[in-house]
Amino acid sequence: MKPNTPPHTLPSQAPLETALSDDPKRVTLDRLFSKLGLASRSVAQEWIHAGRVRINDRVVRTTDAWVAWPGDSVSLDEQPLQPSTQRFVLFHKPKSVVTTRQDEKGRTTIFDVLPEELQTLHAVGRLDQATSGLLLLTNDTALSSYLTDPTNKVPRRYLVTVRGEVTEETRQDSVAGLTDEGDLLHCESVTIQKRSGRESHLDVTLTEGKNREIRRLFKALGHEVIRLRRIQYGPFTIDDLPPGAWREIPIAEARTALSLSSS
């Protein structure tokens, strides 16, 4: 896969050697079930309390018991857990779909759209209900942790339409940033593609994943966001993937793409 180069320079990222180690890791028992995509931590805790889980042939009822994985033998109802095949998927999240496994309001979730074979994957970060575009999914927790860690400054690129004309001064203010509800909100870079008194079209790059950052930032600057679509996350691009469609990348290729993007 060839990363698509945006019209402005993307910031460099930290090395991956430590973050993507395949050595056995210590993880709590309830988190292991979540990590393998078998159950949420709350459901796993119910199983553990009920005595259905064994570690090295010993029943364990403590949810925060530590497990070396891979390494220790863990079973549920006497059926051994197996390390899952690691997968990495690019998904074009449609607008009006929420990024969650279950929604208490009954709204359509990404897992209502995705096929059964991808139900054990988890989303890397989130896109709000009104935002469409590129969403990454994986069951490789080390890889997703690297991608979402703000210290790694992995770039996310968006096409944004806002009400009103964005001036050069406002563009500079969006990069300098402002504080909203205790959060420093700012863009890594902003390119004005087209503007008029009615609306402006922007190419925006972020390097952190604060909640609704672009919407909050431009609202504070006097411009309501009316369309927002993510087209790139790190070196991964949405290209011509239509809404609701997905494309899988071999896990080794995904790791290589991130390593090549480091400097």
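Begin by selecting glycine 51, which in this predicted model sits just after helix H2 and takes a positive phi of about 80°.

From there, step back into H2 itself, residues 41-49, and display the side chains of Ala44, Trp47 and Ile48, which are buried. These three cover an arc of only 100° around the axis, which puts them on the same side of H2. To see what lies over them, add helix H1 (29-35), strand S2 (53-55) and strand S5 (74-76), which are included in what covers the buried residues of H2.

Next, select strand S4, residues 66-69, and follow its side chains as they alternate along the strand. Val67 and Trp69 point to one face and are buried, whereas Trp66 and Ala68 point to the other face and are not buried. With S4 still shown, bring in strand S1, residues 25-28, which runs antiparallel to S4 and is joined to it by four bridges. Within this pairing, place arginine 26 and alanine 68 of S4 in view together, since the two stand opposite each other.

The last stop is the interior space. The structure holds one cavity of 30 Å³ or more, and the largest cavity has a volume of about 40 Å³. To outline the largest cavity, select His186, Cys187, Glu188, Leu206, Thr207, Glu208, Lys210 and Glu213, the residues that line it. Colouring this selection by class will show two nonpolar, two polar and four charged residues in the lining of the largest cavity.

Conventions. Residues numbered from 1 in each chain as written. Predicted model: local features only at pLDDT ≥ 70, side-chain atom pairs only at ≥ 80, totals over all residues. Heavy atoms only, no water. Buried < 20%, exposed > 50% of the residue type's maximum accessible area, 1.4 Å probe, protein only. Arc of directions from axis to C-beta. Contact = heavy atoms within 4.5 Å. Pairing = 2+ DSSP bridges. 1 Å grid on protein atoms, 1.4 Å probe; cavity = no way out; pocket = protein on both sides within 12 Å on 5 of 7 lines; lining within 4 Å. Points joined across faces, edges and corners; volume = space filled by probe spheres on them. Nonpolar A, V, L, I, M, F, W, Y, C, P; charged D, E, K, R; others polar.
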